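Grab a coffee and work through these exercises with the structure open beside you. Try each task before you read its solution.

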Amino acid sequence: MIRCDRCSGRAAIFQRYSGLHLCPRHFEEDVHRKVKEVLRTYRIFGRPCRIAVAVSGGKDSSSLLSILHALFSSREDVELVAVSIDEGIAGYRPRTLAAAASVAKGLGVEHVVRSLEGEFGVTTDLLASSGQPQGPCSFCGVLRKGLLNRTARELSADAVATGHNLDDEAQTVMLNYLKGDVDRLYRLRPRRALPGMVPRIKPLRRVPEKEMGVYAIAHAIPFETLACPYLSRAMRQEVKELLNDLEAKHPGTKYSIVRGFEKILARDPPGSYEVVACTRCGEPSSDGVCATCRLLERLRPEQSL
Ligand code: SF4
């Protein structure tokens, strides 16, 4: 029997990057410790706050809601509300939404669902089949992000928590390096509060994806394993496979990518840019027309939106 390095109980998981074998109790402690460390860096707790947790129904966001509930349910100064965005992807989103509803209901957390169709009159399926040169993720991501921010603001949330894990963060950094997209890289910097924009926080950013899967299963958290049908068309998937190969050969690579990038950012002051109200819809924008309106207007000539 392999023993836990913290208590000599039976080990349930081995972290190659740390060299530790952990039993279920110390694995949970380790995940919660990493989440708390990240949360401390955001400096939003310690005063009454309302956190909108973006729950897609996958293992990461469902576990995130469950972890935040475990950490804060005994505190009266922190309120959680689950938010799901329905992008309109047949055969996929209805099942993940059911999982999201199930985890929120099980925890007794309010669950708010908004749809791209209800807000913008479009669905990702419709846009994906319209022959646009970009992959579906480029417009799906823009519309979802905008709607998530608007919903969180309408719910008077102080922050939007998303389920991005260590793998997601390492992929984002690497993807933007590979594309030479320095602007996007720098947008990962912590920023001062901007009018109309609810700050986004990523409490799971130091927890590897695999461990989030183990956590969800070990805690019997309801989640859906179905992948979005458009996922394979994204370059992110190729980067994911590349990083998984590197991590297998060199444990700790993903963590090094994220930490290394954080060190680069720490040499710069917090990012800032001016925000003005979008002249079309009133949402925040950097130059007078927000990304959502820009996208919808570009699509409109070819769509009957
Ligand atoms: Fe949207 Fe792409 Fe995510 Fe699918 S994988 S939900 S198309 S952003």
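**Exercise 1. The annotated cysteines**

Task: Which residues does UniProt list under "binding site", and how far do they spread in space?

Solution. Start with the record: the unreviewed UniProt entry puts its "binding site" feature at Cys278, Cys281, Cys290 and Cys293. Next, check the spread: these residues span 16 residues of sequence, yet they cluster in space, with a largest C-alpha distance of 8.3 Å. Keep in mind that you're looking at a predicted model.

**Exercise 2. Two of those cysteines, one at a time**

Task: Place Cys278 in the fold and decide whether Cys278 is buried or exposed.

Solution. First find the spot: Cys278 sits in the loop that links β8 (276-277) to β9 (284-285). Then look at accessibility: the relative accessible area of Cys278 is 5%, and the cut-off for buried is under 20%, so Cys278 is buried. Last, list the neighbors: leaving out residues up to four places away in sequence, Cys278 touches Glu283, Ser285, Gly288, Val289, Cys290 and Cys293.

Task: Now do the same for Cys293: where is Cys293, and what does Cys293 touch?

Solution. Cys293 belongs to helix α12 (residues 291-299). With a relative accessibility of 11%, Cys293 counts as buried too. Skipping residues up to four places away in sequence, its contacts are Cys278, Arg280 and Cys281. Two of the annotated positions, Cys278 and Cys281, are among these contacts.

**Exercise 3. What lines the ligand?**

Task: Which residues surround the ligand, and how do they divide by class?

Solution. Step one is the list: Glu87, Ile89, Cys137, Cys140, Arg144, Cys228, Tyr230 and Leu231 surround the ligand. Step two is the sorting: the shell has 6 nonpolar residues, no polar ones and 2 charged ones. The charged pair is Glu87 and Arg144, because Glu and Arg both count as charged.

**Exercise 4. Two helix pairs**

Task: How are α1 and α2 arranged, and which residues meet?

Solution. Two packed helices are described by the angle between their axes and the distance between the axes. Here, helix α1 (residues 24-42) and helix α2 (residues 59-72) have axes that come within 11 Å and cross at roughly 80 degrees. Angles of 65 to 115 degrees count as roughly perpendicular, so that's how α1 and α2 lie to each other. On the α1 side, the contact uses Val31, His32, Val35, Lys36 and Leu39, which meet Ile67, Leu68, Ala70, Leu71 and Phe72 of α2. That contact has 8 nonpolar residues, 1 polar and 1 charged.

Task: Repeat the analysis for α10 and α11: what is the angle, and which residues meet?

Solution. Helix α10 (residues 235-249) packs on helix α11 (residues 253-266) at about 110 degrees, with the axes 8 Å apart. Again the verdict is roughly perpendicular. Leu243, Asn244, Leu246 and Glu247 of α10 meet Thr253, Lys254 and Ile257 of α11. This contact splits into 3 nonpolar, 2 polar and 2 charged residues.

**Exercise 5. Positive phi**

Task: What is the phi of Ser8, and what is the phi of Ala220?

Solution. Most residues other than glycine have a negative phi. Ser8 has a positive phi near 70 degrees. Ser8 lies in the segment before β1 (13-15) and, at 41% relative accessibility, counts as partly exposed. Ala220 has a positive phi as well, near 50 degrees. Ala220 falls in the loop between α9 (209-218) and α10, and its 65% relative accessibility makes Ala220 exposed.

Definitions and conventions:
Residues numbered from 1 in each chain as written. Predicted model: local features only at pLDDT ≥ 70, side-chain atom pairs only at ≥ 80, totals over all residues. Heavy atoms only, no water. Near = heavy atom within 4 Å. Axes fitted to C-alpha atoms, helices over the stretch in contact; angles between N-to-C directions. Helix = DSSP H or I, 4+ residues; strand = E, 2+ residues; numbered from the N terminus. Parallel < 35°, antiparallel > 145°, perpendicular 65-115°, else oblique. Contact = heavy atoms within 4.5 Å. UniProt positions renumbered as here; feature names shortened; annotations may be inferred. Buried < 20%, exposed > 50% of the residue type's maximum accessible area, 1.4 Å probe, protein only.
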